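The following report describes a helical arrangement and how its parts are covered, bent and packed. Please read it alongside the sequence and the coordinates.

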Amino acid sequence: MAEEEIKASDHHPADTNGDGKVSRKEQEMYMEFKRKELEDADAMRDGQRKMAWFALGGMLLYPFAVVLAVLVGLESASKILGDMAATYFVAVAGIVAAFFGSQAFGNKK
Ligand SMILES: [Ca+2]
């Protein structure tokens with residue numbers, strides 16, 4: 001029992017076949033895996049940042065969309081946009097808050 005625990009703690013994450021040694025191939029695989037992991041995390045951060053900016057941009061442009069709808073004479077459109085505003089702003093605020101919240105949480109770790 002005690003021996004197993006020691007072995008488990010000695011086990012290197014790169015040692016995929018569990019022989020206690022990290023061969024060159026295992027090392028390469030491990031590095032590749034780590035690289036992919038970092039790339040994925042990077043892509044996810046980029047995607048989240050883009051989404052937050054897109055949501056913020058939409059929120060800033062929203063009033064202009066309403067003005068534009070009025071100017072163009074789409075009265076029902078401007079009314080619908082006005083009715084949607086409350087829901088829309090809450091949703092966008094949620095997205096942005098979640099983004100900055102996750103950023104703050106991630107930085108703490
Ligand atoms: Ca091995």
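Helix α3 is hardly covered, since the count of buried residues among its 34 residues is zero, where a residue is buried if 20 or more other C-beta atoms, placed from the backbone, lie within 10 Å of its own, exposed if 12 or fewer do, and partly exposed in between. The model is a predicted one, in which local features need pLDDT of at least 70 and side-chain atom pairs count only at pLDDT 80 or more, while totals for chains, interfaces and linings use all residues. Residues are numbered from 1 along each chain as its sequence is written.

The chain holds three helices and zero strands, these being DSSP runs (H or I, at least four residues, for helices; E, at least two, for strands) numbered from the N terminus. Of its 109 residues, 0% count as buried, and α2 is likewise hardly covered, with a count of zero buried residues among its 49.

The table sets out the two helices, with the expected span taken as 1.5 Å times one less than the number of residues, and the bend as the angle between axes fitted to the seven residues ending at a residue and the seven starting there.

| Helix | Residues | End-to-end C-alpha distance | Expected span | Bend |
|---|---|---|---|---|
| α2 | 24-72 | 68 Å | 72 Å | about 40° at L61 |
| α3 | 75-108 | 49 Å | 50 Å | about 45°, centred on A85 |

In α2, a proline, P63, follows the bend at L61 within four residues, and just after this helix G73 takes a positive phi of about 95°.

The two helices pack at an angle of about 160° with their axes 10 Å apart, the axes being lines fitted to C-alpha atoms over the stretch in contact and the angles running from 0 to 180 degrees between N-to-C directions. They are therefore roughly antiparallel to each other, a term for angles over 145 degrees. The contact is made by residues including M51, A55, G58, M59 and Y62 of α2 and L81, A85, Y88, V92 and F99 of α3, two residues being in contact if their C-beta atoms, placed from the backbone, lie within 7 Å.

Within α3 lies V92, which is partly exposed, with 19 other C-beta atoms within 10 Å. Leaving aside its neighbours within four places in sequence, V92 is in contact with A55, G58 and M59; V92 and G58 are 34 residues apart in sequence and 8.5 Å apart in space, C-alpha to C-alpha.

Conventions: Parallel < 35°, antiparallel > 145°, perpendicular 65-115°, else oblique.
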